[in-house]
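These are my notes from going through the structure, beginning with the overall build and then moving to one helix and one residue.

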Amino acid sequence: MVTLRDALAAAVGHHQAGRLDAARPLYHSILRGQPGHPDALHLLGVLESQSGRLQAALPLLRRAVALLPGDADFLGNLARTLRAAGQADAAERAFARTAALDPADVQAAFTLGTLRLERGDAAGAAAAFAQALARRPDFAEARINRANALAALGRTEEAARLRRQAVALAPAHPDALHNAAVSALAAAGLDRPLSHARRLDPDLVERAVRALGHALAADPRHGAAADALIGAALSLVQAGQAPEWLLDRAARTALAVLRRTPRDTRAAAVVAYRCYRRGRTDLASRFMRRVARRFTAAEVAADFELRLWSMVRAGRRALDGLPDADALLDAFPSLELLAEPPAGSGPVLAVSCDDGYYRRFAMSLLDSVEAQADGVAVHVHVVNPSPETLADLARRRDRLPLGWSREAVDFTGWDDHRRTTYYACIRFLRWHQLMTRWGRPLLHLDADCTLTEGAAEGTAGGLEGLVALLEGSDVGLLRDARWRGPTREITVCFAAFQPTLRGRAFLALTAAYIGAFLREGRGFWMLDQAAPFAVCDALRRELRVRCFDVLDFPWVRFIGEK
């Protein structure tokens, strides 16, 4: 006669040998004879879990735990099945009980820490990983995850030390290498917003990127390491601090990422910036257009890099396809010329803004022109000016050779982005109209700047000296020489347009480029900088451009970082 003990032994034998179909009926026969047999319930639950039948396994395991609540093995298997079933909160509670019942169960403590970290409980996670490390000090992955938890708690020095220890324990472990790189990136300062005013230590940057390279060499498909390298490259590009070698390394990684994840826009942008850095913005813009075809128009508008690159059309062919600037004017409100600056052939300082910007900034700019640039003609264009603004302009005409114009725009239904983009961009269509009318040089200035006293005193030649430097050129532009991208290289807080044949053509093409994007509803912030870059890029062999360094332009004090 087969006893219950014999049946259980036979079932376990089949189970351990992997013959699950033979073990299952034996477990069921035991439970028919003794429905509350804890071992049979537990082992059948484990078998169903191994078979992927999690919903069948869970009630069996719960009944077994209810019968023997102090059995850590029962609890541990219930916890693992709950996690596999996606019941993270219940799994965390079960793992916590398991780890308390059996402090030697390193895997239970580790998994508990992982669940807490995923939930955002960094302190609880750190404690669980510490428990695992107390029993197994050589557990590199627990050391890595405890470092991540401590970093989330702001304990960066402890995190960095643990990450170095993890690399020492597992020098080829990609997670250890990646986490060491994360600490190195933080030490280099890449964990905080970058600007040209906050320069990074290039040695620290190189050490961090080298660590990421080691992680990717250990596991070329390590997503976190690839993402960290791509993110570091983009941050450094935007801050103007990306060395050539780093962009090369990041672009190679980005191409591998794109083969696996074709919709990774940050990886695509790194490849595009690399092409731009090599002087092939035409190739970069075509590449990004191909990437953008994988997205809806709304997705393009919502993605930072896709949005920027959507406005870059490099190469002569792109310009040849533009409509004539004058033909585009009917798509926009009329320019109302209310007062013209005094007649003459000298340059005109041209300022454009909305009514709010006029009161906040342009009045100070006009004050500085009165004080620093005696006799220089000025023209102010205002979108939707208030009666108070028009009255202020009329009063200033007694002290300043001043003209002004306006346009009336109905902004009902426009969001802030679309409205500010319009303010920034429409001025170039207006300057084209006024250049055509006057045939005089235009010196465009942002409304939120002032002329400097130093320039007026002659330390940089004053405005007369600036005008002299522009002689013989078609266009004068501020250039950011830090290779920050085609929408950042030409900074149009200042620009000069000469009434030469090529100067007029440059302004007309820039106006047409901007007008076409705005008319089609595809214009975004920084279109006003993408357009002159694209025109310069296409006409560079025939256009005479006088470039000034945006970081060293002493005639004007700009508000904010440039």
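I first looked up the secondary structure of this predicted model, and found that the protein comes to 27 helices and ten strands.

Next I checked the overall form: the C-alpha trace spans about 120 × 45 × 45 Å along its principal axes, and the radius of gyration is 34 Å, where a compact globule of 562 residues would have one near 24 Å. I then looked at burial and surface, and noted that buried residues make up 52% of the 562 residues, while the protein exposes about 25,000 Å², with carbon and sulfur atoms supplying 51% of that area. Of the contacts with a separation of 6 or more, 68% are between residues 24 or more positions apart.

I turned to helix H14, residues 244-260, and compared its length with expectation: its 17 residues should span 24 Å at 1.5 Å a residue, and the end C-alpha atoms are 25 Å apart, which agrees. In H14 I found Leu 246, Leu 247, Ala 250, Ala 251, Thr 253, Ala 254, Val 257 and Leu 258 buried. I recalled that an α-helix has 3.6 residues a turn, so residues three or four places apart point the same way. The cover over the buried residues of H14 includes helices H12 (202-218), H13 (223-238), H15 (265-277) and H16 (281-292).

Last, I looked up Asp 528, which lies in helix H27, residues 527-539. Is Asp 528 buried or exposed? Its relative accessible area is 7%, under the 20% cut-off, so I entered Asp 528 as buried. The side chain of Asp 528 makes a polar contact of 3.0 Å with that of Arg 427. Leaving aside residues up to four places away in sequence, Asp 528 also touches Ala 424, Cys 425, Phe 428, Val 492 and Ile 514, among others.

Technical notes:
Residues are numbered from 1 along each chain as its sequence is written. This is a predicted model: local features need pLDDT of at least 70, side-chain atom pairs count only at pLDDT 80 or more; totals for chains, interfaces and linings use all residues. Side-chain values use heavy atoms; hydrogens and water are left out. Helices (H or I, at least four residues) and strands (E, at least two) are DSSP runs, numbered from the N terminus. Buried means under 20% relative accessible area, exposed over 50%, partly exposed in between (1.4 Å probe, protein chains only). A polar contact is a pair of N or O atoms within 3.5 Å; within protein, one must be able to donate a hydrogen and the other to accept it, and residues adjacent in sequence count only if both atoms are side-chain atoms. Contact means heavy atoms within 4.5 Å. The expected span of a helix is 1.5 Å times one less than its number of residues. The radius of gyration is taken over C-alpha atoms; the globule rule is 2.2 Å times the number of residues to the power 0.38. Accessible areas come from the Shrake-Rupley method with a 1.4 Å probe; for residues, only the protein chains shown count as cover.
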